Amino acid sequence: MRKIGAYILIALAAATARCGRETFRAPEGTPLSSGWMADTLTPGFEMRYVRQADDYSGEVRSTVIRRTAEGSKRGVLYVHGFNDYFFQAEMANRFVDSGYSFYAVDLRKYGRSLMEGQRPFEARDMREYFADIDSGFAEMHRAGIEKIALMGHSTGGLTAAYYMDCQPDKGVKCLVLNSPFLDWNLSPFLEKVAIPAVTAVGRVMPGIPVSQGESHTYAHSLLREFDGEWEYDTRLKFTQSPDVTSGWIRAITLAQRHLHEEGHITVPILLLHSDSTYRDGEPTEMSRRSDAVLDVTDISRYGRELGGHVTEVTVKGGLHDLMLSRRGVREPMMEYIFEWLRPIMTEQEEGEQEE
């Protein structure tokens, strides 16, 4: 996200000239809707496509992925971030082993949900994703899950928080935010002048592409072939973050502005973020123990204002996706998450037993 700033003014100057469209070629024969099937990307999981209402790009689908804990009435629904999809199987398996059925959504135009001819990750209003989240909840309710924790990472954290503020009566017990994208990580000038200008342009010309630069630093901190521990499909989660659009910038800005000015989430919130932000010019090894995407001070500032019951946890040495940090960081963090969830997700059960 930090790289986007250097290109915003260029995009404004080129507004009438640059209306190109990147496309993705999906595997032939992938359906809009389906029953449960073996997940095509993560062994041991199931998936199903869900047809959503057509939008400005034509046919649209989301994908629900799951691994269930037999007999459990507790579950987690996970929403991924930008330039991302669900592949964090270790995290999911930890939830299942701890008695939570785990569900994730690949949002429309991301990951498993991408369809031929679509621009990857395109959005013009963050509320577009509410139907995708609703589809995940519907599957959980159908499976008998009564207590749900909603969890979001980065842009997925922004989306999940926005969802919970706009649609609070969904039976969700709590919200877990992993480095949520609550503010732009840009210079004061770009945030006060350029972002509002692009937001205005995005209303009438939403397809103007805006480059995010050419940095591979974050991807290299994750991928096993470089400095990280993980393997994922780089055709779905690019090593270089792709162009966004003026419409996407507008969608992000309006969702952030709503939460800054009007947001008040009523359920308990667990706010997780790294203890430091990686800056250009710093030694590369710093990127392996810092947030290389967002400013952690912004996450802290705006995250604490999301509601009246926020527990903030600073994760020392954490990456932007804290769940992909090195084992010595993520293991104690996961233990803390389960400790935090326990009274929230078992309170009703204990009350019923006492009666």
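Here are four short exercises on the side chains of this structure, each with a worked solution.

This is a predicted model, where local features need pLDDT of at least 70, side-chain atom pairs count only at pLDDT 80 or more, and totals for chains, interfaces and linings use all residues. Residues are numbered from 1 along each chain as its sequence is written, and side-chain values use heavy atoms, leaving out hydrogens and water.

**Exercise 1. Threonine 42**

Work out where threonine 42 sits and which residues threonine 42 touches.

Step 1: place the residue. Threonine 42 belongs to the loop between strand 1 (37-38) and strand 2 (46-55). Strands here are DSSP runs of E with at least two residues, helices are runs of H or I with at least four, and both are numbered from the N terminus.

Step 2: check the burial. The relative accessible area of threonine 42 is 6%, so the residue is buried. The scale goes like this: buried is under 20% relative accessible area, exposed is over 50%, and partly exposed is in between, with a 1.4 Å probe and protein chains only.

Step 3: list the neighbours. Leaving aside residues up to four places away in sequence, threonine 42 touches Phe86, Ala89 and Arg112 (contact means heavy atoms within 4.5 Å).

Step 4: look for polar partners. The side chains of threonine 42 and arginine 112 make a polar contact at 3.1 Å. That term stands for a pair of N or O atoms within 3.5 Å; within protein, one must be able to donate a hydrogen and the other to accept it, and residues adjacent in sequence count only if both atoms are side-chain atoms.

**Exercise 2. Aromatic pairs**

Classify the ring pair of phenylalanine 82 and phenylalanine 121.

Step 1: get the rule straight. Rings of Phe, Tyr and Trp (its six-membered ring) pair if their centres lie within 6.5 Å; planes under 30 degrees apart are stacked, over 60 edge-to-face, and the rest tilted. The count by this rule is 20 aromatic pairs.

Step 2: apply it. Phenylalanine 82 and phenylalanine 121 are 5.2 Å apart centre to centre with 70° between the planes, an edge-to-face pair. The two are 39 residues apart and link distant parts of the chain.

Step 3: add burial. Phenylalanine 82 is buried at 10%, and phenylalanine 121 is buried at 1%.

Step 4: try another pair. Phenylalanine 181 and tryptophan 184 have ring centres 5.2 Å apart and planes at 90°, so this pair is edge-to-face.

Step 5: zoom out. Both of these pairs' residues show up in a cluster linked by ring pairs, made of Phe82, Tyr110, Phe121, Tyr129, Phe181, Trp184, Phe238 and Trp248.

**Exercise 3. Arginine 124**

Find which ring and which acid arginine 124 meets.

Step 1: the ring. The charged end of arginine 124 is over the ring of tyrosine 56, 3.9 Å from its centre; the rule asks for NZ of Lys or CZ of Arg within 6 Å of the ring centre and within 35 degrees of the ring normal.

Step 2: the acid. Arginine 124 also forms a salt bridge with glutamate 122, with the closest N and O atoms 3.6 Å apart (a side-chain nitrogen of Lys or Arg within 4 Å of a carboxyl oxygen of Asp or Glu).

Step 3: burial. Glutamate 122 is buried at 3%, while arginine 124 is partly exposed at 29%.

**Exercise 4. Salt bridges**

How many salt bridges does the whole structure hold, and which residues form a network?

Step 1: the search of the whole structure gives 26 salt bridges.

Step 2: the network links Glu90, Arg94, Glu229, Arg327, Arg330, Glu331 and Glu335.
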